[in-house]
Amino acid sequence: MIAEQVHTLSGLPLAAARVKAFWELLKFRLSLLVTFSCAFGYVLASPVVNWRVLPMLFIGGFLVSGASVVVNQIIEKDLDKVMTRTRNRPLPTGRLSVSEAITFSLVCLAAGVLILAIYTNVLTTLLSILSMVLYSFVYTPLKRVGPIAVFVGAIPGALPPLLGWTAATGSISYEALLIFGIQFIWQFPHFWAIAWVADEDYKVAGFKLLPSGGQKDLNTAIQIMIYTLFLIPLGLLPATFGVTGINSAVAVTICGVLFLAQTFSLMKSGDRKSALKIMLPILESPQHRAGVSAGGGTASAPPSGTTAPSLSWAR
């Protein structure tokens, strides 16, 4: 129906409709917010921000992230047709062809990698390519294999702040690994909450992301609670090692307890509303948890937890 409406257009309206379709394919909100996460890592690692590098890191990261989600939609085009929440995307509706999407993803990827190579360093560029490959070509097909997909998907999900850190320093230090580790563990309750909320659609498409036999039951809710519990001591490590300040430690503890409380609500009720609160933890994102400068002041970077709405549909 949507494709038929587009095909009746001509001239400027047709051009506008196609631009809109490419815009949707790029998943602007997701790519933008993932890039904010990358920029956060850069600012956290930089004693003095290089305002020539930061915008280019932002643009390059945005383009590579955009290429990743385009490839994801190409691979899952037929599956998107059968899911309620994805059936109106540009590829399932025929507003864009697969060949157009492939060309678009290649252009975005090439431009993004080139920008990162020029303005950052080899390590950051290679890690961005690794993130794209893991997300698009490993995690995406594994979603129909089993919960192992969550482990694989957590790696590219945790890489953006690490990319920002390496862009600033040119190396992977223990501080960078701390931030990566917190983000990595956070991915598990986040992924599982998404799978809980989207369970009906996921079953139609054959996605198998939930643990404990793929059921929305107490065992799954307990696993979500356990990983969330781990985040409280893990979130204190940056302050312990001097990466962030005392304000961060206080904020981490408060936010961690609030986030953990949501998991007990899920264990008790097992309803969609409780899972949504875990999926959308605005305060309890790893970036927000570590979002305090070494001197103890709050950083201005937005929390990656605000990416959850876009992430839920991208995954």
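Okay, let's start on the outside: Ile75, Val122, Leu126, Ile129, Val133 and Phe137 make a nonpolar surface patch of about 520 Å². A patch here takes residues with over 30% relative accessible area and no salt bridge, and nonpolar side chains (Val, Leu, Ile, Met, Phe, Trp, Tyr) are joined within 5 Å. A salt bridge would be a side-chain nitrogen of Lys or Arg within 4 Å of a carboxyl oxygen of Asp or Glu. Areas come from the Shrake-Rupley method with a 1.4 Å probe, and for residues only the protein chains shown count as cover.

Before going on, this is a predicted model: local features need pLDDT of at least 70, side-chain atom pairs count only at pLDDT 80 or more, and totals for chains, interfaces and linings use all residues. Residues are numbered from 1 along each chain as its sequence is written, and side-chain values use heavy atoms, with hydrogens and water left out.

So which helix gives the patch its largest share? That's H8, residues 122-142, with 5 residues. Helices are DSSP runs (H or I, at least four residues; strands are E, at least two), numbered from the N terminus. Ile129 sits in H8, and because its relative accessibility is 32%, Ile129 counts as partly exposed. That label lies between buried, under 20%, and exposed, over 50%.

Stepping back, the chain has 16 helices and 0 strands. Of its 315 residues, 53% count as buried. Its accessible surface is about 13,300 Å², and 70% of that belongs to carbon and sulfur atoms.

Now two of the helices. H4 covers residues 53-75, and its 23 residues should span 33 Å at 1.5 Å a residue; the end C-alpha atoms are 33 Å apart, so that agrees. The expected span is 1.5 Å times one less than the number of residues. In H4, 18 of the 23 residues are buried, so the rest of the structure largely encloses this helix. H3, residues 28-45, agrees with its expected span too: 26 Å for 18 residues, with end C-alpha atoms 26 Å apart. Among the buried residues of H3 are Leu30, Cys38, Phe40 and Tyr42.

Last stop, Asp201, in helix H11, residues 199-205. Buried or exposed? Buried, because its relative accessible area is 13%. The Asp201 side chain reaches the backbone nitrogen of Thr84 at 3.1 Å. Leaving aside neighbours within four places in sequence, Asp201 is in contact (heavy atoms within 4.5 Å) with Met83, Thr84 and Arg85.

Note on methods: Patch = residues over 30% accessible without salt bridge, like charges linked within 9 Å, V, L, I, M, F, W, Y side chains within 5 Å. Buried < 20%, exposed > 50% of the residue type's maximum accessible area, 1.4 Å probe, protein only. Polar contact = N/O pair within 3.5 Å; in protein donor to acceptor, adjacent residues only side chain to side chain.
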